[in-house]
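Subject: Structure handover, with notes

Dear colleague,

I am passing on the structure we spoke about, and I would be grateful if you could keep it open while you read. My notes come after it, and they move from the whole chains to single residues.

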Amino acid sequence: MDGTQNALLVPSTTDTPLLQVTGLTRLYGARIGCADVSFDLWPGEVLGIVGESGSGKSTLLSCLAGHQRPDAGQILFDGTDVLALSEADRRRLLRGDWAYVHQNPRDGLRMGVSAGGNVGERLMGVGGRHYGRIRDTATDWLGRVEIAAERIDDRPSAFSGGMQQRLQIARNLVTGPRLVFMDEPTGGLDVSVQARLLDLLRGLVREMGLSVIIVTHDLAVVRLLADRLMVMKSGHVVEAGLTDQVLDDPQHAYTQLLVSSVLQV
Amino acid sequence: MSDDAYNFAYLDEQTKRMIRRALLKALAIPGYQVPFASREMPMPYGWGTGGVQVTAACLTPDDVLKVIDQGADDTTNAVSIRRFFQRTAGVATTESTAEATVIQTRHRIPETPLTEGQILVYQVPIPEPLRFLEPRETETRKMHELEEYGLMHVKLYEDIARHGEIATAYAYPVKVEGRYVMDPSPIPKFDNPKLSDNPAIQLFGAGRESRIYALPPYTQVVSLDFEDHPFRASKADHACDLCGAAESYLDEVITDDAGSRMFVCSDTDFCTGRQAAGHRGRLSPLSKEIA
């Protein structure tokens, strides 16, 4: 449960965690969204959050990403208290150092704007005012997510689901964020497309040294991507540790159920 | 009911007072959209209900009113609004830009330079420049508040990506005093440079959307662009066929079924003024006699 123990096992570039979360609680009236969640996330680390539907993992992610305000707890990003930030600073963080990949690419993309415009938006949002350079960067990023350069002026509505998801990832990573939130990034994609997307994500995460918090109910996804894992049930973190350790030797009854429920092909 | 039954300039004094308060706030925060309690006017939305309310709030009995529609003094919209204020306010009217103290306009800034003491009232259909990119009003207000204007450049980016240049030809977005991004109403981008450093007071009224915004005299207004695709004020590459003016904004008029066309100044007052001063264009009725 204590992130600091596991942190010793994770390669880190600095002495302080990138994100420190303590006692995060979000209530929906009398019902619990998530309760008393604490963890540290180190630079370059990928943290997976798994659990069944309604276990509070999406609530936790939206609290972390600033989409909802938690009722209690503290979130420190790089030593800064995120919850105490002004609206302007918080949104600047969301545009620059943070990125959020939605489950449904339609939530994260502008469907009426071309692929190049989608990728360029964050660049223009942080002050890019040179068309040629914005376009070059967008072309480069489309290449990195395996979208052909000649599709740069096509709208996302002309893209397949997998391409839309890859475009959303390019759009989010173009400004070189340090922390990426992902909500079921492979949800709704067929398995071969999922595999390619996971390959791509794994490559980008390693290459850019990203810290990632990834929420999913798919254990295969966290097995591939995550260094560390948190298992949630009824709003509480019931088990946490290194991914392989949790999946291969689950301690909590619920984790054992979860691991044994995966269909073997 | 006789025309005397109406209050001066149609609106009651409390309403004009409310509008004047919005105008003062708008002038104090150039480019900021001030909400106001827009009234039903005896004309359809889209005909300039916002402009008419602003004009009504500004008029005094001594004012001289000019109304133009696409630069012309003699189109239906201009004639109707001018007669409306003639009847309800009894003010003097004129077609001359120089003589007018209040000018209500739809889609143009007059060619004749404005002077201190004049008021230019624009009719605005959609005051929110970010509207077509971000449909949520709560979000656009937040974006204005936090100066998040990257999205505006996404629109210009799309223009260049699709057309090779910034194809937005009217309602071209501007930044006011380095702060608020503003929709200058659907004036051609040819007129954009005239917004900046203008000695006249410029007031913008959007009736259906219940918004007023303003540019005080000598306000700095910059048209948005990219470093490698700078803003260009464009017009048809011709001279006026009636008055020969090469520097005024032109309307293209199809003259027969064989594809013949002529270009004439969209500002009728400017054009007739030049003709009266003896300037002649390619198709002037008198040009043959003179030649």
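Below I describe each chain as a whole, then some helices, and then a few individual residues.

Please keep in mind throughout that this is a predicted model, and that the values below were computed from it.

**The two chains as wholes**

Chain A contains eleven helices and ten strands, while chain B contains eight helices and twelve strands. A compact globule of 265 residues would be expected to have a radius of gyration near 18 Å, and chain A agrees with this because its own value is 18 Å. For the 291 residues of chain B the corresponding expectation is near 19 Å, and the value found, 20 Å, agrees as well. If you prefer to think in terms of a box along the principal axes, the C-alpha trace of chain A spans about 55 × 50 × 40 Å, and the C-alpha atoms of chain B fill roughly 60 × 60 × 35 Å.

Burial can be given as a share of the residues: 52% of the 265 residues of chain A count as buried, and 51% of the 291 residues of chain B do. The accessible surface of chain A comes to about 11400 Å², with 50% of it belonging to carbon and sulfur atoms, whereas for chain B the area is about 13200 Å² and the share of carbon and sulfur is 51%.

How much of the contact network joins residues at least 24 apart in sequence in chain B? Among its contacts between residues at least 6 apart, the share is 61%; in chain A, residues 24 or more positions apart account for 69% of the contacts with a separation of 6 or more. As for charge, chain A has 26 positive and 31 negative charges whose mean positions are 8 Å apart, and in chain B the mean positions of 31 positive and 42 negative charges are 3 Å apart.

**Two helices of chain B**

Helix H2 of chain B, residues 49–58, is mostly covered, since ten of its ten residues are buried. Among them are B:Thr49, B:Val52, B:Val54 and B:Cys58.

Helix H4 of chain B, residues 137–145, has B:Glu139, B:Thr140, B:Met143 and B:His144 as buried residues. Looking down the axis of H4(B), you will find that these buried residues fall within an arc of 140°, so they line one face of the helix. What covers them includes helix H5 (150–163) and strand E7 (180–182) of chain B, and also helix H3 (87–95) of chain A.

Just after H4(B) comes B:Glu147, with a positive phi of about 55° although this residue is not a glycine. B:Glu147 is found in the loop between H4 and H5 of chain B, and it counts as partly exposed because its relative accessibility is 39%, between the limits of 20% and 50%. A positive phi, about 60°, is also found at B:Asp197, which is not a glycine either; B:Asp197 is placed in the loop between helix H6 (192–195) and strand E8 (201–206) of chain B.

**Three residues to look up**

Is B:Gln104, in strand E4 (residues 102–106) of chain B, buried or exposed? B:Gln104 is buried, because its relative accessible area is 0% and the cut-off for buried is under 20%. Leaving aside neighbours within four places in sequence, its contacts include B:Gly51, B:Val52 and B:Thr55, which are themselves among the buried residues of H2(B), as well as B:Lys66, B:Ile81, B:Phe85 and B:Gln123.

A:Val205 lies in helix H8 (residues 191–208) of chain A and, at 6% relative accessibility, counts as buried. Not counting residues up to four places away in sequence, A:Val205 touches A:Val46, A:Leu210 and A:Val212. The C-alpha atoms of A:Val205 and A:Gly162 are separated by 18 Å, with these positions 43 residues apart along the chain.

A:Leu27 belongs to strand E1 (residues 19–28) of chain A and is partly exposed, with a relative accessible area of 36%. With residues up to four places away again left out, A:Leu27 touches A:Ile32, A:Gly33 and A:Asp71. From A:Leu27 to A:Gly241, 214 residues apart along the chain, the separation of the C-alpha atoms is 25 Å.

With best wishes

Conventions
Residues are numbered from 1 along each chain as its sequence is written. Chains are lettered from A and ligands numbered from 1 in the order in which they are written. This is a predicted model: local features need pLDDT of at least 70, side-chain atom pairs count only at pLDDT 80 or more; totals for chains, interfaces and linings use all residues. Side-chain values use heavy atoms; hydrogens and water are left out. Helices (H or I, at least four residues) and strands (E, at least two) are DSSP runs, numbered from the N terminus. The radius of gyration is taken over C-alpha atoms; the globule rule is 2.2 Å times the number of residues to the power 0.38. Buried means under 20% relative accessible area, exposed over 50%, partly exposed in between (1.4 Å probe, protein chains only). Contact means heavy atoms within 4.5 Å. Accessible areas come from the Shrake-Rupley method with a 1.4 Å probe; for residues, only the protein chains shown count as cover. Lys and Arg count as positive and Asp and Glu as negative; His and the chain ends are not counted. The place of a charge is taken as NZ of Lys, CZ of Arg, CG of Asp or CD of Glu. The arc is that of the directions from the helix axis to the C-beta atoms.
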